[in-house]
Amino acid sequence: MRVRTHVNPFTYIERMEKIAYEKIFPDNKFLDFEIGFGRGVFAKNYAKFNPDRNLIAIEIRKPVVKYVKEELKDAGLKNLYLLHGKAEICLEDTLADASLDRVFLFHPDPWLKLRHHKRRVLQHNFLDLIFRKLKAGGRLYLSTDVENLWQNMSKTIKIHGEFMKVEDQEFWQEQYITYWHEYSKRSERPLFYAVFKKQS
Ligand SMILES: C[S@@+](CC[C@H](N)C(=O)[O-])C[C@H]1O[C@@H](n2cnc3c(N)ncnc32)[C@H](O)[C@@H]1O
């Protein structure tokens, strides 16, 4: 499958209808959210590995969403809900405040040119939105293989000031499987990762 690698999130403004998540996930399990699921490798494995949790995963590139939905249609993962759209809008329009247990942001587009840094997804306002949607004690999982992006995201979190770094080695060792991470390992690229807890 060939698809454009980047969608400029600034040009994507489509608002979203309310979603009856309580009907999609009638069981009262933990609720997690993945931003930019790409090929859906993490979403698929995480949902399989964690039948006690529900995962909403969103991706901005429509053809990719169609492809992954097709791939997973017979997987029987009732605890996974795939969405097309922009994560920022989805969080704002469809999820109540303090509703999420975990938010995952793995290998966000690095927008390497300096003049494009403002397109990087983890800006202060988006981080603040994530903060609002997490429950007290909820966690944000972050990774990238781009050092400059890692420094930038770390600075944004530090300036925000309401997240505390915590450990979850079991997660990184046993559950952290993403398409981009597999590629990055094969290319012997570095990995920067951390978990941040919402302080209440
Ligand atoms: C480099 S890929 C990484 C995909 C996947 N997380 C992985 O680790 O394999 C980044 C993905 O985030 C998606 N994306 C970028 N901005 C987004 C946004 N605001 N909302 C939803 N998805 C977004 C991109 O389309 C792309 O598929």
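A helix axis here is a line fitted to C-alpha atoms over the stretch in contact, and an angle runs from 0 to 180 degrees between N-to-C directions. With that in hand, let's look at this predicted model.

**Two helices that pack**

Helix H4 spans residues 87-94 and helix H5 spans residues 124-133; the two pack at an angle of about 35 degrees, their axes lying 10 Å apart. Their crossing is left-handed. On the H4 side, the contact is made by Ala87, Glu88, Leu91 and Glu92. Facing them in H5 are Phe126, Leu129, Ile130, Arg132 and Lys133. Sorted by class, this contact has five nonpolar and four charged residues, with no polar ones.

**Around the ligand**

H4 also has a part in the ligand shell: H4 and helix H8 (179-186) each supply at least two of its residues. How many residues surround the ligand, and which come nearest? There are 16, and Glu59, Arg61, Phe106, Thr178 and Trp180 come nearest. By class, the shell has six nonpolar, five polar and five charged residues.

Here are some polar atom pairs between ligand and protein:

| Ligand atom | Protein partner | Distance |
|---|---|---|
| nitrogen | Gly36, polar backbone atom | 2.9 Å |
| nitrogen | Glu88, side-chain N or O atom | 2.9 Å |
| oxygen | Trp180, backbone N or O atom | 2.8 Å |

How much of the ligand does the protein bury? Taken alone, the ligand exposes 600 Å², and the protein buries 93% of that.

Glu88 is a handy residue to find on your screen: Glu88 in H4 takes part in the contact with H5, and its side chain places an N or O atom 2.9 Å from a ligand nitrogen.

Terms used. Residues numbered from 1 in each chain as written. Predicted model: local features only at pLDDT ≥ 70, side-chain atom pairs only at ≥ 80, totals over all residues. Heavy atoms only, no water. Helix = DSSP H or I, 4+ residues; strand = E, 2+ residues; numbered from the N terminus. Left-handed = near helix turned anticlockwise from the far one by under 90°. Contact = heavy atoms within 4.5 Å. Nonpolar A, V, L, I, M, F, W, Y, C, P; charged D, E, K, R; others polar. Near = heavy atom within 4 Å. Polar contact = N/O pair within 3.5 Å; in protein donor to acceptor, adjacent residues only side chain to side chain. Areas by Shrake-Rupley, 256 points an atom, 1.4 Å probe, with all protein chains shown as cover.
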